[in-house]
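Please open the structure in your viewer and keep the selection tool at hand. The tour below proposes one selection after another and says what is found at each stop.

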Amino acid sequence: MTHSANDTSLPDFGAFQQLQQRFTEYYHDIFENDMAEKTVVIIPSLTLDSEMLKTVKGALYYEERLLCMLMLLRMPRTHVIYVTSVPIESSIIDYYLHLLPGITAYHARQRLLMLSCYDASTQSLTEKILKRPRLINRIRSSIRSPQLTHMACFNVTNHETDLALALDIPIYGCDPALLYLGTKSGSRTLFKELGLTLPAGYENIYTEQGILEALMNLKKHDPNLRKAVIKMNDGFSGEGNAVFRYEDIAANDPELEIEIAQRFDSQLCLVASDLTLLSFLEKFKSMGGIVEAFIEGDIKESPSVQCRINPSGRSEVISTHDQMMGGECNQVFLGAAFPANNAYNYEVATIAKKVSEGLQSRGVLGRFGMDFISVLNDTGWTHYAIEINLRKGGTTHPFIMIQFLTGGLFDWERGVYTMPNGQERCYFASDNVVHEQYIGLTPHDLIDIAMCNGLLYDSAKQTGVMFHMIGALSEYGKLGMVCIGHSIEDAKSFYYKTVDVLNKECGIL
């Protein structure tokens, strides 16, 4: 989302900055005193391009991913206000609350307020709330101790700052004025400034001609290049990407650009199958993007690092993951294993720490993720910096879940997550457990199946399966899982056992 300097729709950033300053002043009271009477207003809005969101199956139910934050209710004086587009089935809420350590579900429910817009349209949740002044008033009137209150969001745009001002509470997230740093072009620009290794490519492209010229220049620079990736600046989960194949195109062809232009339609593959080439190009022109070389490798991984910058000015690495990718040329995020492979965990975390410090110096606040492509060669691993996501992402809620359930700490330098009892834990998580035969399974069905087959998370053993996006199951045959085990192999065994059980229950051979 871009705005000109003359755009009168821009929020009052002076007032917003005052809110954020208040958050800085009370940050330690909010986050370091478990007995403080505080309120967290959770707005799990995917305030992203609505046309791109249409390509994500069950996007409305992604609002359930932040239900992991209900674990904040383990602090006996903390209140949570959770707002969604449509009501969440009460059995799903009960499912989360029964996991709270040392707190009864009854006590937690007294401090939880679930609110809904009763609006399943494709407009973002935050925009829906802004159109409902009575709902805003209800949220405001339910806040305890406004100075110890903040808003938690999936991502922060001008809509979220408008809502923050309407509620008079700060946001633990990035100022929209800095969002360019989290675009594909902004990421490449920062990576270059920091001297990182990144794929050969070009950023800040806004025309089809610019795409063609970039494809031509990449091929001239590397005659052996077989593929290039075209990415929209604000695409997510790979849905804004396309892959161009240089099949039968020679770098020394005197009419190279013409040859690429003539083959552009036939040799370009869009990752989002629901988009046409025309709509892809129109969307690309409106938000801009990059063209970069597709990284090849016999042994290639896709690690990511999650970092957090707090209002006190501290920047820290909070998790590392090996991402599971799928779709066209492995461009689509499917899930992740935590922690990342110890062969390179420290290396990617160190690079991300450098990026985190660079973002902090530019005023960024909150969680962000950084993606890599890592290739093993004769001298070790080469890590290509791919992109920065200034928002919560697919690796955020799994890590929040294990942290709240086990109370452990992640040592990013060693790549080890250790619980207070000294035992180590890992997890394997996915948002894309999907099959058409799962359609029709209700939340009650899923929980019953899991209980009868010993799949639910066991708080005594501190291993097992946590489900999320449960609401999407009946309509879309889709849900998410976080599988916690003693090792990644152990966690994966929970995952495959759960899939096998679901398949058997649904008659899938």
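Which residues line the second largest cavity? Before selecting them, keep in mind that the model on the screen is a predicted one.

**Stop one: the second largest cavity**

Select Arg65, Cys68, Tyr96, His397, Met401, Met466, Phe467, His468 and Val482, which together line the second largest cavity. Two elements give two or more residues each to this lining, namely helix H13 (396–406) and strand S19 (464–468). If you colour the lining by element, look for S19, which gives the most, with 3 residues. By class, the lining of the second largest cavity divides into 6 nonpolar residues, 2 polar ones and 1 charged one. The space enclosed here has a volume of about 50 Å³.

**Stop two: the largest cavity**

Keep Arg65 and His397 selected, since both also appear in the lining of the largest cavity, and add Pro44, Leu46, Tyr62, Leu66, Phe154, Lys392, Gly393 and Thr396 to complete that second set. About 60 Å³ of space lies in this largest cavity, and its lining residues divide into 5 nonpolar, 3 polar and 2 charged. How many cavities of 30 Å³ or more are there? The count comes to 2 cavities of 30 Å³ or more.

**Stop three: helices H9 and H10**

Clear the selection and choose helix H9, residues 208–221, together with helix H10, residues 256–263, which pack with their axes 9 Å apart and at an angle of about 120°. H9 and H10 are therefore oblique to each other, and their crossing is right-handed. To see the contact itself, show the side chains of Gln209, Leu212, Glu213, Leu215, Met216, Lys219 and Lys220 on the H9 side, and of Leu256, Glu257, Ile260 and Ala261 on the H10 side. The residues of this contact of H9 with H10 divide into 6 nonpolar, 1 polar and 4 charged.

**Stop four: helices H6 and H7**

Move next to helix H6, residues 133–141, and helix H7, residues 158–167, whose axes lie 9 Å apart and whose packing angle is about 60°. That angle makes H6 oblique to H7, and the crossing of H6 and H7 is right-handed. Selecting Ile136, Ile139 and Arg140 of H6 along with Leu163, Ala166 and Leu167 of H7 brings up the residues that make the contact. By class, the contact of H6 with H7 has 5 nonpolar residues, no polar ones and 1 charged one.

**Stop five: helices H3 and H14**

Now select helix H3, residues 90–97, and helix H14, residues 443–452, which pack at an angle of about 35° with their axes 9 Å apart. Is the crossing of H3 and H14 left-handed or right-handed? The crossing of H3 and H14 is left-handed. In the contact, Ser91, Ile92 and Tyr95 of H3 meet Pro443, His444 and Ile447 of H14, and these residues comprise 4 nonpolar and 2 polar ones, with no charged residue.

**Stop six: two points along the backbone**

For the last stop, switch from side chains to the backbone. Most residues other than glycine have a negative phi, and most peptide bonds are trans. Select Asn204, which is found in strand S5, residues 201–205, and note that the phi of Asn204 is near 55°, a positive value in a residue other than glycine. Then select Phe338 and Pro339, where the peptide bond from Phe338 to Pro339 is cis, with omega near -5°. To place this bond in its surroundings, show strand S13 (332–338) and helix H12 (345–361) as well, because Pro339 is found in the loop between S13 and H12.

Terms used: Residues numbered from 1 in each chain as written. Predicted model: local features only at pLDDT ≥ 70, side-chain atom pairs only at ≥ 80, totals over all residues. Heavy atoms only, no water. 1 Å grid on protein atoms, 1.4 Å probe; cavity = no way out; pocket = protein on both sides within 12 Å on 5 of 7 lines; lining within 4 Å. Points joined across faces, edges and corners; volume = space filled by probe spheres on them. Nonpolar A, V, L, I, M, F, W, Y, C, P; charged D, E, K, R; others polar. Helix = DSSP H or I, 4+ residues; strand = E, 2+ residues; numbered from the N terminus. Axes fitted to C-alpha atoms, helices over the stretch in contact; angles between N-to-C directions. Parallel < 35°, antiparallel > 145°, perpendicular 65-115°, else oblique. Left-handed = near helix turned anticlockwise from the far one by under 90°. Contact = heavy atoms within 4.5 Å.
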